[in-house]
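Here is a short tutorial dialogue on reading a fold from its coordinates. Please look through the sequence and the structure before going on.

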Amino acid sequence: MSDESITIRLAIPDEAALVAEHRARMFQDMGRLDAERASTMIEQVTPLVQQMLSSGEYVGWLARDGAGRVIGGAGVQLRRLLPRPETSVTREALVVNVYVQAAYRRKGLARRLMTAILEWCREQGIERIVLHASEMGRPLYTSLGFAPSGELVLYLQ
């Protein structure tokens, strides 16, 4: 696989099912979803992502190989942000759905996807970018300048 044969472009609303599949496969690869729950997640996420891609609340990037097959992707969910001591910009980007098919991993594709996201965020004037890293992704994100934060989470179920 030559680097030149891989293209990265913005996702369109009609590709929401691909984004949903990447999200489910990402969680499967982390051992957090079984196949049945992954299928359910794809069904739930597809219409949401389609709406979010249409409204601009979600911006996604898809990577294609030389034959045009989608082999990975990543996205940002844009969220309103109250001004903080670090920034007065009122939007932040939450990086989500970073996924590369197993056969294409460890070849720099996730880095290329993240670079596209970071460049786009700079162009949009977004100063705060957050993500939740898997153990597999943590070295990439730290190499790009991401640092741990003091976030805590509580799920009320």
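The turns below go from the sheet to its helices and then to single residues.

Q: What should I know about the model and its numbering before I begin?
A: This is a predicted model, in which local features need pLDDT of at least 70 and side-chain atom pairs count only at pLDDT 80 or more, while totals for chains, interfaces and linings use all residues. Residues are numbered from 1 along each chain as its sequence is written, and side-chain values use heavy atoms, with hydrogens and water left out.

Q: In what order do the strands of the sheet lie?
A: Strands of a sheet pair through backbone hydrogen bonds, either parallel or antiparallel. Helices (H or I, at least four residues) and strands (E, at least two) are DSSP runs numbered from the N terminus, and two strands pair if DSSP finds at least two bridges between them. Here five strands form an open sheet in the order β1-β2-β3-β4-β5, with mixed pairing. β1 (7–10) and β5 (128–131) stand at the edges with a single partner strand each, so one side of each has no neighbour in the sheet. On average, neighbouring strands are turned by 25° against each other, direction ignored.

Q: How many bridges join β1 to β2?
A: Four bridges join β1 to β2 (residues 58–64), and the two strands run antiparallel; leucine 10 stands opposite tryptophan 61 in β2.

Q: Which strands do helices α2 and α3 touch?
A: Contact means heavy atoms within 4.5 Å, and angles, from 0 to 180 degrees, are taken between N-to-C directions of axes fitted to C-alpha atoms, for helices over the stretch in contact. Helix α2 (residues 35–55) packs on the sheet, touching β2 and β3 (70–80), and its direction makes about 105° with that of β2. Helix α3 (residues 109–124) also packs on the sheet, where it touches β1, β2, β3, β4 (91–100) and β5, and its direction makes about 165° with that of β4.

Q: Is asparagine 97 buried or exposed?
A: Buried means under 20% relative accessible area, exposed over 50%, and partly exposed in between (1.4 Å probe, protein chains only). Asparagine 97, in strand β4, counts as buried because its relative accessibility is 4%; its phi is near 60°, a positive value in a residue other than glycine.

Q: Where is arginine 106 placed?
A: Arginine 106 is in the loop between β4 and α3 and is exposed, with a relative accessible area of 80%. Its phi, near 65°, is a positive value in a residue other than glycine.
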